[in-house]
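Q: I have a protein model open and would like to learn how to read it feature by feature. Could you walk me through it?

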Amino acid sequence: MKEKIIIIGAGGHARACMEVIELEGKFEIAGFVDNGIESAYYPLLGNDDDLKKLFKEYKYALIGIGQIKTSLPRVQIYDKLKTIGFRLPTIISPLAHVSKRSFIDEASIIMHHALVNTNVKVGKGCIINSKALVEHDVIIENFCHISTASVVNGGCLIKQHSFLGSNTHLKHGSILDENSIVYMKGV
């Protein structure tokens with residue numbers, strides 16, 4: 001019997017996480033926890049104020065809140081979940097490739113068709129989104145979001161709480177400061 005997991009959030013990113021969890025097959029989704037959005041896919045179990053009560057029945061949780069301008073909501077819910085005692089597993093899509101010589105910390109998710117090459121370290125609470133490429137010897141610190149189809153070339157350092165927008169490319173050895181927000185120029 002699979003352990004049950006709750007997803008914090010019920011918006012677009014949470015539903016994308018739902019798809020990864022279903023395909024990975026390690027957990028059974030019990031439902032969503034959100035402060036207003038209801039989903040047709042799984043029951044709405046309550047809101048953030050109900051987390052202590054929900055912990056009596058569910059021990060695993062995933063942060064399904066996306067990150068664009070700031071990681072603060074993800075950090076706050078992470079701290080709350082950890083204080084209550086929830087386990088925050090690493091979720092990796094079976095459609096992604098993650099080198100066995102890389103490390104992905106807790107509460108991080110690797111979405112469909114992402115590629116994480118050798119000797120990469122991904123911190124806590126990160127999102128490596130669909131089709132992102134993270135090359136060899138990259139360090140991505142806690143609570144970063146590497147968005148869809150981004151390329152992080154070898155030897156880069158992305159400091160905590162940073163966001164790399166869709167289709168953005170970092171050249172080899174680049175260093176992003178904490179709280180960086182980088183977008184590709186376009187329409």
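Q: Which feature does UniProt place at residues 4–70?
A: Happy to help, and keep in mind that this is a predicted model. The UniProt record, an unreviewed entry, places "domain: PglD N-terminal" at residues 4–70.

Q: What are the helix and strand shares over residues 4–70?
A: That stretch is 27% helix and 28% strand. Its end C-alpha atoms are 29 Å apart.

Q: How many helices and strands does the protein have?
A: A count of elements is a good start for any fold. Here there are three helices and 20 strands.

Q: How do I read the radius of gyration, and what would a compact globule with 187 residues have?
A: The idea is to set the model's value beside the one for a compact globule. For 187 residues that reference is near 16 Å, and the protein has 16 Å, so the two agree. For the extents, the C-alpha trace spans about 45 × 30 × 30 Å along its principal axes.

Q: What share of the 187 residues is buried?
A: Buried residues make up 49% of them. On the outside, the accessible surface comes to about 9,200 Å², and carbon and sulfur atoms account for 51% of that area.

Q: What share of the contacts between residues at least 6 apart in sequence joins residues at least 24 apart?
A: The share is 32%.

Q: How many positive and negative side chains are there, and how far apart do the centres of the two sets lie?
A: For charge, look at both the counts and the placement. The protein has 21 positive and 19 negative side chains, with the centres of the two sets 3 Å apart.

Q: Now a single residue: is Ile127 buried or exposed?
A: Compare its relative accessible area with the cut-off, which is under 20% for buried. Ile127 has 0%, so it is buried. This residue is found in strand β11, residues 127–128.

Q: Which residues is Ile127 in contact with, leaving aside its neighbours within four places in sequence?
A: They are His13, Ile65, Gly66, Gln67, Arg74, Ile109, Cys144, His145 and Ile146. As for Thr83, its C-alpha is 22 Å from that of Ile127, and the two are 44 residues apart in sequence.

Q: And Glu24: buried or exposed?
A: Apply the cut-off again: Glu24 has a relative accessible area of 15%, so it counts as buried. Glu24 sits in helix α1, residues 12–24. Beyond its neighbours within four places in sequence, Glu24 is in contact with Thr90, Ile91, Ile92 and Pro94.

Methods: Residues are numbered from 1 along each chain as its sequence is written. This is a predicted model: local features need pLDDT of at least 70, side-chain atom pairs count only at pLDDT 80 or more; totals for chains, interfaces and linings use all residues. Side-chain values use heavy atoms; hydrogens and water are left out. Helices (H or I, at least four residues) and strands (E, at least two) are DSSP runs, numbered from the N terminus. The radius of gyration is taken over C-alpha atoms; the globule rule is 2.2 Å times the number of residues to the power 0.38. Buried means under 20% relative accessible area, exposed over 50%, partly exposed in between (1.4 Å probe, protein chains only). Contact means heavy atoms within 4.5 Å. Accessible areas come from the Shrake-Rupley method with a 1.4 Å probe; for residues, only the protein chains shown count as cover. Lys and Arg count as positive and Asp and Glu as negative; His and the chain ends are not counted. The place of a charge is taken as NZ of Lys, CZ of Arg, CG of Asp or CD of Glu. UniProt positions are given in the numbering used here, feature names are shortened, and annotations may be inferred rather than shown by experiment.
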